[in-house]
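This briefing is intended for a reader who has not met the structure before. Please keep the sequence and the model in view while reading.

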Amino acid sequence: MGIVAGLDSSAEFTRIVVCDTDTGAVLRQGYAAHPGEPKAVDVDPQNWLLSLGEAATGGLLEGVEAIGVSAQQHGLVPLDAQGGLVRPALVRNDKRAQVAAADLVESLGGRQAWAEAVGSVPGAGQPVAKLRWLARSEPENAQRVAMILQPHDWLVWQLLGRPARRTTDRGAASGTGYWSARTGVYRPDLVDLALGHQAMLPEVLGPSDAAGITPEGLLVSAGTGETMAAALGLGLGPGDAVVSLGASGSVMAVHHEALADPNGMITSFADATGMHLPVVSTSNAVRALRGTAEMLGLESLDELSALALKSTPGASGLVLLPYLEGERTPNLPHTAGTLSGLRRESMKPEHLARAAFEGMLCALTDAMDVLRGRGVEVRRVFLLGAAAALPAVQALAPALFGAQVVVPQPADYAALGAARQAAWALGVARGTLSPAAPPAWQGAVAQILEPGDDLSAGQAVRQQYVATREQIHPGAFGS
């Protein structure tokens with residue numbers, strides 16, 4: 001038995017879990033918020049170190065032999081030739097870079113060119129778009145950039161004492177917009193296209209590689225982005241998909257190969273095990289529920305859920321296309337939501353409430369079908385986010401997704417994934433684990449929901465939704 005730690009430095013806080021190397025059982029935990037403005041898009045990376053130090057107080061890391069780092073994605077840490085910070089780190093899905101992202105798409109020849117080059121079409125959050133924004137908005141700072149890191153890369157570098165070697169992993173690299181998960185190599189020409197000149201990029205480590213040893217003697221694993229760490233912490237494998245329910249939504253699945261999508265709907269990430277994580281995102285998920293609750297004068301989503309369950313499958317013919325903020329999947333950025341099927345008998349609060357849940361879940365099923373259409377197998381769906389606990393979501397999701405639904409108990413899955421990676425790297429370094437597979441830790445404690453007898457009703461609801469979508473937005477998915 002040994003002890004390892006997993007560190008998750010998210011956009012707003014640091015969480016640390018200390019785990020048993022053999023079972024993954026959590027022995028100790030630490031937490032600290034980052035200092036500074038929580039929603040800032042320009043951040044001093046020293047804030048991440050300050051919260052790390054606070055989270056690790058009280059002997060939290062005593063006896064720890066290895067540590068893994070998970071950190072927020074959508075981050076750019078620009079360094080000069082001496083390793084100094086050129087300007088505060090650019091983080092989050094920074095809307096300032098939206099025009100820069102569109103410029104890059106056009107500069108390379110369109111969405112298909114980007115999908116073929118690196119497996120994704122630039123968005124405002126990606127480092128490649130932030131580089132273009134920096135070159136256009138702060139040219140003097142851009143000229144000083146000699147090295148480009150992401151938050152997880154920078155934290156690993158700091159833990160190791162700022163060595164000459166800088167590293168990243170394939171998971172984090174796949175979100176940059178200048179590394180291809182399909183080919184496994186950087187595209188320096190895209191850095192040049194965005195920044196206006198070349199810059200040093202960190203070495204991409206393999207899943208079980210170690211980045212180095214800290215001055216205190218801790219082995220540091222490769223680390224990865226939060227999405228990839230959470231997948232590792234959940235114990236995902238082939239046949240598993242994750243549906244994330246936030247204001248917007250996403251569907252992510254484990255697959256054996258990278259998927260280049262000429263329409264740009266699929267973002268082709270690499271995972272932290274050597275597999276791939278194709279992701280399809282929607283602009284609208286829980287925001288459709290909140291909007292409906294406000295329209296009905298309800299104070300909570302729990303009330304909306306209870307009301308929806310008073311209706312029946314299909315909501316008496318009422319269909320909500322929940323494109324309230326435009327939509328990414330399908331690509332309808334300038335459209336609006338649509339409420340269809342209004343008849344006297346359907347104009348009741350419970351039917352509108354149900355249509356909101358069915359519309360949100362059907363839109364996410366559309367996203368899942370994009371992956372299924374490319375050969376991605378989905379046998380289990382992990383449902384994440386606070387809305388996953390709503391009774392209406394749990395009642396409707398299995399039949400609409402057409403798969404077993406797993407609702408994991410809330411836990412620090414990104415930090416757990418980072419710890420599991422640390423245990424893997426430690427085991428490989430000692431010759432006790434194979435570099436081919438991570439340690440077999442206990443799976444997430446979860447509630448299991450089956451489609452059962454509701455499957456046929458779910459298929460009918462799906463057909464009603466698709467028919468409405470095709471009538472209002474014909475050919476939105478190219479059919």
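The points below concern salt bridges and the surroundings of one glutamine.

The model is predicted. In total, 21 salt bridges are found in the structure. Side chains of opposite charge can pair when their charged atoms come close. Three such pairs, one network and the residue Gln126 are described here in turn.

**The pair Arg170 and Asp271**

- Arg170 and Asp271 form a salt bridge through their side chains, with a nitrogen-to-oxygen distance of 3.5 Å.
- Arg170 belongs to helix H7 (residues 170-173), while Asp271 sits in the loop between strand E16 (266-270) and strand E17 (276-282), so the salt bridge ties together parts that lie 101 residues apart in sequence.
- Arg170 has a relative accessible area of 13% and therefore counts as buried, since the limit for that class is under 20%.
- Asp271 is also buried, because its relative accessible area is 6%.

**The pair Asp94 and Arg96**

- A salt bridge joins Asp94 to Arg96, and their closest N and O atoms are 2.7 Å apart.
- Asp94 is buried, at 4% relative accessibility.
- Arg96 is partly exposed, at 32% relative accessibility.

**The pair Asp189 and Arg187**

- Asp189 and Arg187 are partners in a salt bridge in which the closest N and O atoms are 2.8 Å apart.
- Asp189 is partly exposed, because its relative accessible area of 37% falls between the limits of 20% and 50%.
- Arg187, with a relative accessible area of 26%, is likewise partly exposed.

**A network of salt bridges**

- Salt bridges also link several residues into a network, whose members are Asp366, Asp369, Arg372, Arg462, Arg469 and Glu470.

**The surroundings of Gln126**

- Gln126 is located in the loop between helix H3 (111-118) and helix H4 (127-137).
- Is Gln126 buried or exposed? Its relative accessible area is 7%, so Gln126 is buried.
- Leaving aside residues up to four places away in sequence, Gln126 touches His74, Ser120, Val121, Gly175, Thr176 and Gly177.
- With Gly175 there is also a polar contact, in which the side chain of Gln126 reaches the backbone oxygen of Gly175 at 3.3 Å.

Key:
Residues numbered from 1 in each chain as written. Predicted model: local features only at pLDDT ≥ 70, side-chain atom pairs only at ≥ 80, totals over all residues. Heavy atoms only, no water. Helix = DSSP H or I, 4+ residues; strand = E, 2+ residues; numbered from the N terminus. Buried < 20%, exposed > 50% of the residue type's maximum accessible area, 1.4 Å probe, protein only. Polar contact = N/O pair within 3.5 Å; in protein donor to acceptor, adjacent residues only side chain to side chain. Contact = heavy atoms within 4.5 Å. Salt bridge = Lys/Arg side-chain N within 4 Å of Asp/Glu carboxyl O.
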